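Work through the exercises below with the sequence and the coordinates open. Each task is followed by a solution in steps.

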Amino acid sequence: MTNVGDPPQYFWCIKHNRVEHGDDRCPSKYLLGPYPSPADAEQALAKVKERNEEWEEEDARWQGDPS
């Protein structure tokens, strides 16, 4: 919940596949974020995919896999 004067926070809801904000949003277990703008929240799944790929590559390097 945000206080008056706080910048708005936006979330990506993985249950409904949409941007949500304010008090009328799904429970936290369905949300990615917070993000500073609706556009950033819309990119949440792409960012998750990008980070997962980076981490998998790093894990492979850590384990000595040359690929």
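**Exercise 1. The first hairpin**

Which residue takes a positive phi in the hairpin of strand 1 and strand 2, and how many residues are between the strands?

Solution. Keep in mind that this is a predicted model.
Step 1. Locate the hairpin: 4 residues lie between strand 1 and strand 2.
Step 2. Look through the backbone angles of that hairpin: Asn17 takes a positive phi near 55°.
Step 3. Check the residue type: Asn17 has this positive phi although it is not a glycine.
Step 4. Place the residue: Asn17 is found in the loop between strand 1 and strand 2.

**Exercise 2. Order of the elements**

List the elements of the protein chain from the N terminus on.

Solution.
Step 1. Count by type: the protein chain has 2 helices and 3 strands.
Step 2. Read along the chain: the elements run β-β-β-α-α.

**Exercise 3. The sheet**

Determine the order of the strands in the sheet and find which strands stand at the edges.

Solution.
Step 1. Take strand 1 and strand 2: these run antiparallel and are joined by 4 bridges.
Step 2. Assign partners in strand 2: Trp12 has Val19 as its bridge partner, and Cys13 has Arg18.
Step 3. Take strand 1, residues 10-13, and strand 3: their pairing is antiparallel as well, over 3 bridges.
Step 4. Assign positions in strand 3: Tyr10 stands opposite Tyr35, and Cys13 stands opposite Leu31.
Step 5. Put the pairs together: the 3 strands form an open sheet in the order 2-1-3, with antiparallel pairing.
Step 6. Find the edges: strand 2 (18-21) and strand 3 (31-35) each have a single partner strand, so one side of each is left without a neighbour in the sheet.
Step 7. Add the twist, which averages 30° from one strand to the next.

**Exercise 4. The faces of strand 1**

Are the residues on the two faces of strand 1 buried or exposed?

Solution.
Step 1. Start from the general pattern: in a regular strand the side chains alternate between the two faces of the sheet.
Step 2. Sort the residues of strand 1: Tyr10 and Trp12 are on one side, while Phe11 and Cys13 are on the other.
Step 3. Apply the cut-off for buried, under 20% relative accessible area. Tyr10, Trp12, Phe11 and Cys13 are all buried, and both faces of strand 1 are covered.
Step 4. Look for an element across the sheet: helix 2 (residues 44-62) lies across strand 1 and strand 3. Helix 2 runs at about 100° to strand 3.
Step 5. Set this against the whole chain: of the 67 residues of the protein chain, 15% count as buried.

**Exercise 5. Two prolines**

Describe the surroundings of Pro34 and Pro8, beginning with the peptide bond between Gly33 and Pro34.

Solution.
Step 1. Inspect the bond: Gly33 and Pro34 are joined by a cis peptide bond, with omega about 20°.
Step 2. Place Pro34: this residue is in strand 3.
Step 3. List the contacts of Pro34, not counting residues up to four places away in sequence: Gln9, Tyr10 and Phe11.
Step 4. Take one of these, Tyr10: its C-alpha atom is separated from that of Pro34 by 5.4 Å, with their positions 24 residues apart along the chain.
Step 5. Check exposure: Pro34 is partly exposed, with a relative accessible area of 45%.
Step 6. Turn to Pro8, which lies in the segment before strand 1. Pro8 is partly exposed too, with a relative accessible area of 49%.
Step 7. List the contacts of Pro8, with residues up to four places away in sequence not counted: Tyr35 and Pro36.
Step 8. Give the C-alpha to C-alpha distance from Pro8 to Tyr35: 8.7 Å, for residues 27 apart in sequence.

**Exercise 6. Rings and charge**

How many aromatic pairs does the structure hold, and where does the charged end of Lys15 sit?

Solution.
Step 1. Count the pairs: the structure holds 0 aromatic pairs.
Step 2. Follow the side chain of Lys15: its charged end sits over the ring of Tyr30, 5.0 Å from the ring centre.

How values were computed. Residues are numbered from 1 along each chain as its sequence is written. This is a predicted model: local features need pLDDT of at least 70, side-chain atom pairs count only at pLDDT 80 or more; totals for chains, interfaces and linings use all residues. Side-chain values use heavy atoms; hydrogens and water are left out. Two strands pair if DSSP finds at least two bridges between them. Axes are lines fitted to C-alpha atoms, for helices over the stretch in contact, and angles run from 0 to 180 degrees between N-to-C directions. Contact means heavy atoms within 4.5 Å. Rings of Phe, Tyr and Trp (its six-membered ring) pair if their centres lie within 6.5 Å; planes under 30 degrees apart count as stacked, over 60 as edge-to-face and the rest as tilted. A charge sits over a ring if NZ of Lys or CZ of Arg is within 6 Å of the ring centre and within 35 degrees of the ring normal. Buried means under 20% relative accessible area, exposed over 50%, partly exposed in between (1.4 Å probe, protein chains only).
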